Structure formats: C-alpha cells, structure tokens
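Hi,

Here is the structure I said I would pass on. Have a look at it first, and my notes follow underneath.

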Amino acid sequence: MPAINVSKALDQSHASRVFDLSEMPLRELNQALHNLTPGSNETAWEVLHPKGSHSVAVGVDQPITIDVRGSVGYYCGGMNDGSSITVHGSAGPGVGENMMSGSITVKGDASQYAGATGKGGLLVIEGNASSRCGISMKGIDIVVQGNIGHMSAFMAQSGNLVVLGDAGDALGDSIYEARLFVRGKVESLGADCIAKEMRPEHLELLQGLLDRAGVTGVKAAEFKRYGSARTLYNFNIDNADAY
Amino acid sequence: MCGIVGLFLKDKSLEPQLGSMLSQMLISLSDRGPDSAGIAIYGAPTGNEAKITIQSAKPERDFRGLDAELAKAIGAPVSIAVKSTHAVVRTTPVKIDEAREAIQTLRPDIRIMGAGDVVEIYKEVGLPEAVVDRFDVRSMTGTHGIGHTRMATESAVTTMGAHPFSTGADQCLVHNGSLSNHNNVRRELIREGMKFETENDTEVAAAYLSSQMAHGKNLGEALEGTLSDLDGFFTFVVGTKNGFGVVRDPIACKPAVMAETDQYVAFGSEYRALTKLPGIDNARVWEPEPATVYFWEH
C-alpha cells in the first residue's frame, strides 16, 4: 500500500476537465482518456452534448469519474476498467459491454444488451433496460431499477443481475452460474433456468448489491432468486429437446 | 445495418419544415448505410389531383413531351414537375390508373416509384445527403414522411432496390432487417394478383401490407399480421395517406427509438436521428417493444 500523497489528493479538487462533443470530435475525447497514466491529477471529466454519439468513454483504464451530460449511442463505457461513469440521460445498445471493473450508472433507460459479456464492475440502470440485458455476463454486477426485456442473462456465466421491476420472456436461457434476483414478475424462464431458494447468504449478497447501487426503500426479501438447474452443462441425449 | 427514420407531425405549423427535418434525421444516420437512400413525403391533400412519382435513367429523353402525350392518351389535363432523375406527374384522381398504364406504354423505360393523392417518393443510389440535395427534399412541405439509408444485403444496389417501397396508393414502407420467407410470400401475393418490380425482400413486406389493407384491414391490423406471416428480422416504418406505423419483430435485434411531443411523433434507428428535433430534451423517448404495433392517424 503506497503512502498517501497529500499534495496529489489536494490536486484532485481541481475543476473537472470538460469536453464538449458539439465542438470537439469524439476521438479526441477518447484519446485524451486513453492517454491518462496512473496517478494523473485529471480525475474528474465531464462530457457535454453527446447527442447519441457511439463509443463515448470506451476503454478507460484509470480510476477517474466521467459525467456524460445527455444521452449516448452504442457501447458507452465499453471495456471500462476502473472508472466511474455516469450517463445523465439514456444509453443506446451495449452500454458497459465487456466492463472489467469500475462502475457505470445510467440515469435514464438503456437499450439492448446492457452489460453484455461484462467481467466485473457494477452497472446501474436507473430506468428500464431493454432486451438481452446481461447476455453472456461473466462476473459483472448489474442492477436495473426498472424492468428488463426478453432473453436477458442468456448464457450468463457468473456475476449478479438484480431487477427491481419485471423481467421479459426467456429469462436466463442456458444460464451457467450467474445469480438472477427479480423483484417483480418474470414473463417466462428460459431453458434450464429455475427459481431457487433465497438463503441467508443470498439475502446478504443482494443487500450488498442494493446498497452499492444506492437503492433505498427496497428489501432483499422482496426478491426471488433464479439460476441454473445445471442440466444442460454436458450433452445428454435425454435433453436433446432442450438444446 | 441500414438506417430508417419517420416523422409524423401533429402541429400544422411544422409542416413547412417537414422536408428539412426528415432530411436532417436521415443524414445523421448516413454511416448506417452508404449504398442508396430514399424519402417519401406526404404533402397536404389538395382534393382535385393525384400524383405519380416516376423515375428514369435517361430523364431528358423520357420526360420531354410526356405531359402532352399523356394528356392526349388519357383525355385529361396532365402536368409534370421534373426533379433530376425523378418527376411528379399530376392529373385528376379518377384518371390515375389510366395514366399509370399510359406512362408504361409511352415510355417503357420509366420506373414508377409510387402513386397516390399525396405521396411523393424520391430514391437513388448514393449517400442520404446527395439524394436529399438532388431532389431538393429540404424544401418540401408535408404532414408526415419516412426515409431510409441502405446497406444492401438481399438484392442489388440499384434505384429500384432502394427504399421506400410503395405497392399501393399512398402506401410505402422502409425496412431495417432481412426477411427469410419473402420468396414464398411473394409467390402467394402474385397469385392474388399483386405485381412486383424487384427481387427485394422489403418489396414483399410492402406488398403484404397493401394486400392486407386491400382486404379491409386498417394499418394497425395489417402490421399485426406481419408478426405471424413474415419470418426474419425487421423493424418496419410505414406511411399511409393519413397514418404512420411502426412494428418490430419479436426478437427485435434491429435498433429503434421513438420520441413523442405535442408537436410530432418521430422514429429513428438511433437516438442520433432525433437530437435536433424541436423540444427533444423534454420529449417522451422510448424504445418500441418487440412484437408490438404502434400507429398514429391524422
């Protein structure tokens, strides 16, 4: 553990660096973010007028905060590794795709495949998420305060998906070891996904996720847990209809 | 890919800006499809004329003198407004079918883009900006319109393969996706007497809707039918004389976002297409649900 550098800590109170995408090209923003090195003083960034731009703040690998003032297009915060991104608007398809660590908060809604293939970090959608939320998730934690669409958590491998609202059709189809917590109704479960008992360790895990996502006034006990029945792990001729 | 847009005005004061608003929406999606682009604009009905939008690869040869020859052939007054490779033929509504047949006889190389009381359709190979400039779409007024920029998958990159496709009076459709049962549906529609100009899958979807509406269904019911009768990927945006509809297939891979205010209903493949619309920051913006029909009528 390195000693805390007091002067560096004070530097962090500097005003945030502002990028106005109506005046600057997106590549300049992303290049500036990629140029950051460990210990940089530029820890607070603000992006103005994103107007649905694709790939805003992808591939950031430093522990900085980025406030995006408006709605974004495809792949915002993709591959994020350690930064804290807040989208003050809605996000297009693939927000936080393949996130490694850090956090992304979307104040509005998210389109298809939010958090797809994510390996770590926390993705919070304060509105609704669309279809295929958490598809193939590999360790990411996703908390959706509204509803999620169909085919969410398809082939989800690990991590946690928490939904305060309802889930669409075929939730958790062909799921591996991810845990799914849904407070509302589930339209239908996908192949090999089943309701599971909520044991004390799950209540504790879920409460921790709700706390990290800043969700208040909701109890872990209000959710149901879903996960893999583990009958599709290996080929079994008796399961041929389910494949 | 492909990019599609649609705009249905509720506020009459915006009608003079329809062409410029729709053009800007389509141009913003240029990188979703570089092959060809097209726009259909529904103008205000005049009550005493009908329009046929025609296209020719040799407009100077084909459009010269056509008004007089056509007027003589159908025995009614005809006017022609030429815009680059396209022209809008105007005549009395009762003569519209006769005029259509006469055009094909008088000028066999002319392609009919669409016909009706209010619709005009412009489409060509090239980027949206080039197509919009070529036909001066920005200056057009109207009540609603749809547009498309194409990344071709199912048929050749030609003017006739561009969207919108029109297969019935004042009806047209743009499509993002690809249909897998279009050959079969085309065969069934041909048996019913529908005519096709291309091998394109989207033309089949347009003809399917025209056929359903010809059987008495309204736009909403016709769109509902696509969910069971068409197989493949689709987000459709459809215009009729006084209506505007949207439907996505049940898998809904193809992106879609909508916005509604007191002034308009707008559709875009992406939010980028909507960002310059008036009052967008306070609009209700949502992603249309899979397998759900949305439609509005004036």
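Strand E2 (residues 44-48) of chain A runs parallel to strand E3 (residues 65-69) of chain A, and five bridges join the two. If you want a spot to click on, A:Ala44 sits opposite A:Thr65 in E3(A). Before you go further, keep in mind that this is a predicted model.

On its other pairing, E2(A) is joined to E1(A) by four bridges, and those two strands also run parallel. There, A:Arg17 has A:Trp45 of E2(A) as its bridge partner. The connection is a neat one to trace on screen: E1(A), then helix H2 (residues 26-34) of chain A, then E2(A) make up a right-handed β-α-β unit.

While you are on E2(A), turn on the side chains. In a regular strand they alternate between the two faces of the sheet. Which of them are buried here? A:Trp45 and A:Val47, which point to one face. A:Ala44, A:Glu46 and A:Leu48 point to the other face and are not buried.

Zooming out, these strands belong to an open sheet of 11 strands in chain A, ordered E1-E2-E3-E4-E5-E6-E7-E8-E9-E11-E10, with mixed pairing. The edges are strand E1 (17-20) and strand E10 (193-196) of chain A, each of which pairs on one side only. Ignoring direction, neighbouring strands in this sheet are turned by 15° against each other on average. As a reminder, strands of a sheet pair through backbone hydrogen bonds, either parallel or antiparallel.

Further along the sheet, strand E4 (residues 81-87) and strand E5 (residues 101-106) of chain A run parallel and are joined by five bridges. A:Asp81 stands opposite A:Ser101 in E5(A). Helix H3 (residues 200-212) of chain A lies across strands E6 (122-125), E7 (138-144), E8 (158-163), E9 (179-182) and E11 (224-228) of that chain, and runs at about 70° to E8(A).

For the annotation, UniProt has an unreviewed entry that puts "domain: Glutamate synthase alpha subunit C-terminal" at residues 61-191 of chain A. That stretch is 0% helix and 30% strand, with its end C-alpha atoms 36 Å apart.

Now chain B. The UniProt feature here, also from an unreviewed entry, is "domain: Glutamine amidotransferase type-2" at residues 2-298. Residues 2-298 of chain B are 26% helix and 32% strand, and the end C-alpha atoms lie 28 Å apart.

Two helices in chain B are worth a look. In helix H3 (residues 66-74), B:Leu66, B:Leu70 and B:Ile74 are buried. These residues are on the same side of H3(B) because they cover an arc of only 45° around the axis. B:Ala68 and B:Lys72, on the other side of H3(B), are exposed. What do the buried residues of H3(B) pack against? Helix H2 (59-63), strand E4 (79-83), strand E5 (86-91) and helix H4 (96-106) of chain B. Right after H3(B) comes B:Gly75, with a positive phi near 65°.

The second one is helix H8 (residues 219-229) of chain B, where B:Leu219, B:Ala222, B:Leu223 and B:Thr226 are buried. They cover an arc of only 100° around the axis, so they fall on the same side of H8(B). The cover over the buried residues of H8(B) includes helix H7 (201-214), strand E11 (232-239), strand E12 (243-248) and strand E16 (294-297) of chain B.

Cheers

Definitions and conventions:
Residues are numbered from 1 along each chain as its sequence is written. Chains are lettered from A and ligands numbered from 1 in the order in which they are written. This is a predicted model: local features need pLDDT of at least 70, side-chain atom pairs count only at pLDDT 80 or more; totals for chains, interfaces and linings use all residues. UniProt positions are given in the numbering used here, feature names are shortened, and annotations may be inferred rather than shown by experiment. Two strands pair if DSSP finds at least two bridges between them. Axes are lines fitted to C-alpha atoms, for helices over the stretch in contact, and angles run from 0 to 180 degrees between N-to-C directions. Two residues are in contact if their C-beta atoms, placed from the backbone, lie within 7 Å. A residue is buried if 20 or more other C-beta atoms lie within 10 Å of its own, exposed if 12 or fewer, and partly exposed in between; C-beta atoms are placed from the backbone. A crossover is right-handed if, with the strands pointing away from the viewer, the path from the first strand over the helix to the second runs clockwise. The arc is that of the directions from the helix axis to the C-beta atoms.
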